[in-house]
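Student: I'd like a close look at one part of this protein, with its surroundings explained step by step. Could you pick a single residue and work outwards from there?

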Amino acid sequence: MTDSLFPDALFALKRHKPVPYAFVLDAMTALSPVTRPMFGSLAIYVQDKIVLILREKRNGTPDDGVWLATTEEHHESLRREFPNMRSIQVFRTPVTSWQLLPAAAPDFEESALRACELIVARDPRIGKVPKSRRTKAIRRVAKDRARP
């Protein structure tokens, strides 16, 4: 009788996707990185900075791989270290701050590990402090109040 009142599906645990490219997290353990889901992917934070996003979709999209959080001013110098690096395509803009180390590139693992080395060495070209949601909310309220 209890079985009919509490079907197994009710108590089933949500299964989490495995961490894509887990070797990346392993390479940064000394920094105690924190992960959070973002864009259906996994964002990696070190202290207050977002440094990487690990993306691996089932259908194998062109933007699968390791996303570097950087700024346009650092693209050229990073491209010298990562020749296969490019802007991500999912946002449909020619150049984005997010740069991709594509999973399909022949040097993917080597490049991803090199990016981890740069992050561990605190290279200023990788990592951004995200704008807080609170700051965005304050700006939105101020903007709304400024409207006639």
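Tutor: Happy to! Let's start with Ala112, which, leaving aside its neighbours within four places in sequence, is in contact with Phe23, Val24, Val66 and Leu101. Keep in mind as we go that this is a predicted model. Ala112 has its place in helix 4. Is Ala112 buried or exposed? With a relative accessibility of 1%, Ala112 counts as buried, because the cut-off for that word is under 20%. One of its contacts deserves a second glance: Leu101 is eleven residues away from Ala112 in sequence, and their C-alpha atoms are 6.9 Å apart in space.

Now let's step back to the helix itself. Helix 4 covers residues 108–120 and lies across strand 2 (41–46), strand 3, strand 4 and strand 6 (98–102). Relative to strand 6, helix 4 runs at about 140 degrees.

What sort of sheet is underneath? Six strands form an open sheet, with antiparallel pairing and the order 1-2-3-4-6-5. Strand 1 (34–38) and strand 5 (86–87) are at the edges with a single partner strand each, so one side of each has no neighbour in the sheet. Further in, strand 3 (residues 49–55) pairs with strand 4 (residues 65–69) over four bridges, in the antiparallel sense. Across that pairing, Ile53 stands opposite Trp67 of strand 4.

Next, the nonpolar packing. In soluble globular proteins, nonpolar side chains tend to be buried together. Here the largest nonpolar core has 24 residues, and Val24, Leu52, Val66 and Leu68 have the most contacts inside it. At least two residues of this core come from each of helix 2 (22–27), strand 2, strand 3, strand 4 and helix 4. Helix 4 gives the most, with six residues. Apart from this core lies another, of nine residues, including Ile50, Ile53, Ile88 and Trp98. Leu52 shows how many elements can meet at one side chain's position: not counting residues up to four places away in sequence, Leu52 touches Val24, Met28, Leu42, Ala43, Ile44, Val66, Trp67, Leu68, Trp98 and Ile119.

Finally, a word on empty space. The count comes to one cavity of 30 Å³ or more, and about 30 Å³ of space lies in the largest cavity. Its lining consists of Phe82, Asn84, Met85, Leu101, Pro102, Ala105, Asp107, Phe108 and Ser111. Strand 6 and helix 4 each supply at least two of these lining residues. Leu101, then, is both a contact of Ala112 and part of the cavity lining.

How values were computed
Residues are numbered from 1 along each chain as its sequence is written. This is a predicted model: local features need pLDDT of at least 70, side-chain atom pairs count only at pLDDT 80 or more; totals for chains, interfaces and linings use all residues. Side-chain values use heavy atoms; hydrogens and water are left out. Two strands pair if DSSP finds at least two bridges between them. Contact means heavy atoms within 4.5 Å. Axes are lines fitted to C-alpha atoms, for helices over the stretch in contact, and angles run from 0 to 180 degrees between N-to-C directions. A nonpolar core is a set of buried Ala, Val, Leu, Ile, Met, Phe, Trp, Tyr and Cys residues joined through side-chain atoms within 4.5 Å. Buried means under 20% relative accessible area, exposed over 50%, partly exposed in between (1.4 Å probe, protein chains only). On a 1 Å grid over the protein atoms alone, a cavity is a set of points where a 1.4 Å probe fits but cannot get out, and a pocket is an open set with protein on both sides within 12 Å along at least five of seven lines; lining residues have an atom within 4 Å of a point. Grid points are joined across faces, edges and corners, and a volume is the space filled by probe spheres set on the points.
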